[in-house]
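Let's walk through this model together, starting with where its two chains meet. Take a look at the structure first.

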Number of protein chains: 2
Amino acid sequence: MRTVLKLGGSVLTHKSEPETVDEASLEQVCDTIAAFLDREAASLVIVHGGGSFGHHHAAACGLSTVAGTHDATAVTTVHRAMCALNDRVIDALQERGVSAVPVRPLSVAHRSERGLQFPAGALEAMLEEGFVPVTHGDVVVHERTGATVLSGDDIVVSLARSLKAERIGLCSTVPGVIDDDGEVVDAIDSYEAVAAVLGESEATDVTGGMAHKVRQLLALESPACIFDPASLELFLDTGRAGTVIDGRENTAH
Amino acid sequence: MRTVLKLGGSVLTHKSEPETVDEASLEQVCDTIAAFLDREAASLVIVHGGGSFGHHHAAACGLSTVAGTHDATAVTTVHRAMCALNDRVIDALQERGVSAVPVRPLSVAHRSERGLQFPAGALEAMLEEGFVPVTHGDVVVHERTGATVLSGDDIVVSLARSLKAERIGLCSTVPGVIDDDGEVVDAIDSYEAVAAVLGESEATDVTGGMAHKVRQLLALESPACIFDPASLELFLDTGRAGTVIDGRENTAH
């Protein structure tokens, strides 16, 4: 069973304080992952967000997913902050016996006119050899724009396709997609359902936010779940937790 | 003019002392590169060796280009040492105004039955955007072997082909290929010339050493030069320095 698991930056860091790891949360998440890999010889790719490591420096450098820079010092400032967080995640996993190895998007990915290019040959080889690749939101080269921010969510969508993941999980600090009454939505299977659940204004905001994320996940070939750390074990064991997003019956492929 | 330049680990570090940068040599080499890029808007890829950063840890972990490991901690130990040296090279170049950005082979390359796979899309995009990618010898995943050492020389050969480099330079602490009389050989254009110059026993040692390096370079589509730091400026300006290895007239392609 091949799984792509995203750990949100808000799960791993204290977002309000620059470069501060949420130690308790990191340890809890890594305990859960290590225990799962002890129970099951799964093929697991981990992607994590930037939290207070990436966003702080990206904002200071004026970088976003569309606003780029040709300043190599800005590129390495953001990149190294993300690598520092990644090193912490790798260490916490290795301390628990997980064969975690780092993958830096800046080294392998770029954005061209055709969109994100993220060759997954090295990742595929890592999985075949029993390693657990751990990659992250980063800054990547962007045609005619210098370098821009690549979000962890965009990496998840790309790798879910190229690695033919059977399970996709996004673990953040919210327990799922929340409807107007504050309840977790069990399942979303179409674009129409997104609008119905999130309300028209949020659903039409395609530049970001939950609606954009749900729409990207609906287009995948496998179900994706949005859940919080309390449901991580359930997701790893069953492939279903929080809100299950599965557009396979309602989306033309 | 697209150039792939290898900086030997022996140029950048004190090989006998673990993790010690040769500051004077690093500064001299970076001064020369920065001055060249001020004179000419060249497309330059830099590859560096491991010197006392990589070799020390690789040996301690029992790793070589053929002896692998499935131990993720060993992988990250060697990888991080190489990244630490790369960070120093990047910093020294950026301080001189060079738009240097890092490329980690572990993230992008692997060895399969078909040999080294090193997709160069991100590197190509970096060059197009005016960055100077700086990559390095590293540990990479190796089919059925876990992870093994990838030498800077093997990266040069791979990138020279995939990036269609017009100039290839290997800057080490020797001024070129040295013949039996201790003289620098001006040019080598065939396998036979290698044996004649280096003597039969060295020339048939295909597992490593100068003969192996020369044979790889003879098979490329562009001339390659082996020279020392004193000739780096000459190489960058003219594409010819030390020993010029050019097998295009004598090698079947």
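Which residue of chain A forms a salt bridge with R80(B)? The partner is D87(A), and the closest N and O atoms of the two lie 3.6 Å apart. A salt bridge here is a side-chain nitrogen of Lys or Arg within 4 Å of a carboxyl oxygen of Asp or Glu.

## Ground rules

This is a predicted model, in which local features need pLDDT of at least 70 and side-chain atom pairs count only at pLDDT 80 or more, while totals for chains, interfaces and linings use all residues; side-chain values use heavy atoms, with hydrogens and water left out. Residues are numbered from 1 along each chain as its sequence is written, and chains are lettered from A and ligands numbered from 1 in the order in which they are written.

## Confidence

The model scores ipTM 0.95 and pTM 0.95. For chain A the average pLDDT (the predictor's confidence in each residue, from 0 to 100) is 92, and 95% of the residues score at least 70. Do treat residues 203–207 of chain A separately: their pLDDT is below 50, and beyond near neighbours in sequence this stretch has 7 contacts in the model. Contact means heavy atoms within 4.5 Å.

## The interface

Chain B and chain A each bring 38 residues to the contact. Together they bury about 2800 Å², with carbon and sulfur atoms giving 62% of that area. Buried area is the accessible area (1.4 Å probe) that two parts lose on being put together, summed over both. On the chain B side, R80(B), S107(B) and E129(B) supply 21% of the area buried against chain A, more than any other three residues.

The salt bridges between the chains number 4. There are also 20 residue pairs in polar contact across the interface, both residues being at pLDDT 80 or more. A polar contact is a pair of N or O atoms within 3.5 Å; within protein, one must be able to donate a hydrogen and the other to accept it, and residues adjacent in sequence count only if both atoms are side-chain atoms.

## Symmetry

A turn of 180° and a shift of 0.0 Å along the axis lay chain B on chain A with an RMSD of 0.0 Å, superposed by least squares on the C-alpha atoms of residues with pLDDT of at least 70 in both. The two copies are thus related as by a two-fold rotation axis. Of the residues of chain B, V108(B) comes closest to that axis, its C-alpha at 2.5 Å. Because 100% of the interface residues of chain B are also interface residues in chain A, the copies meet through the same surface.
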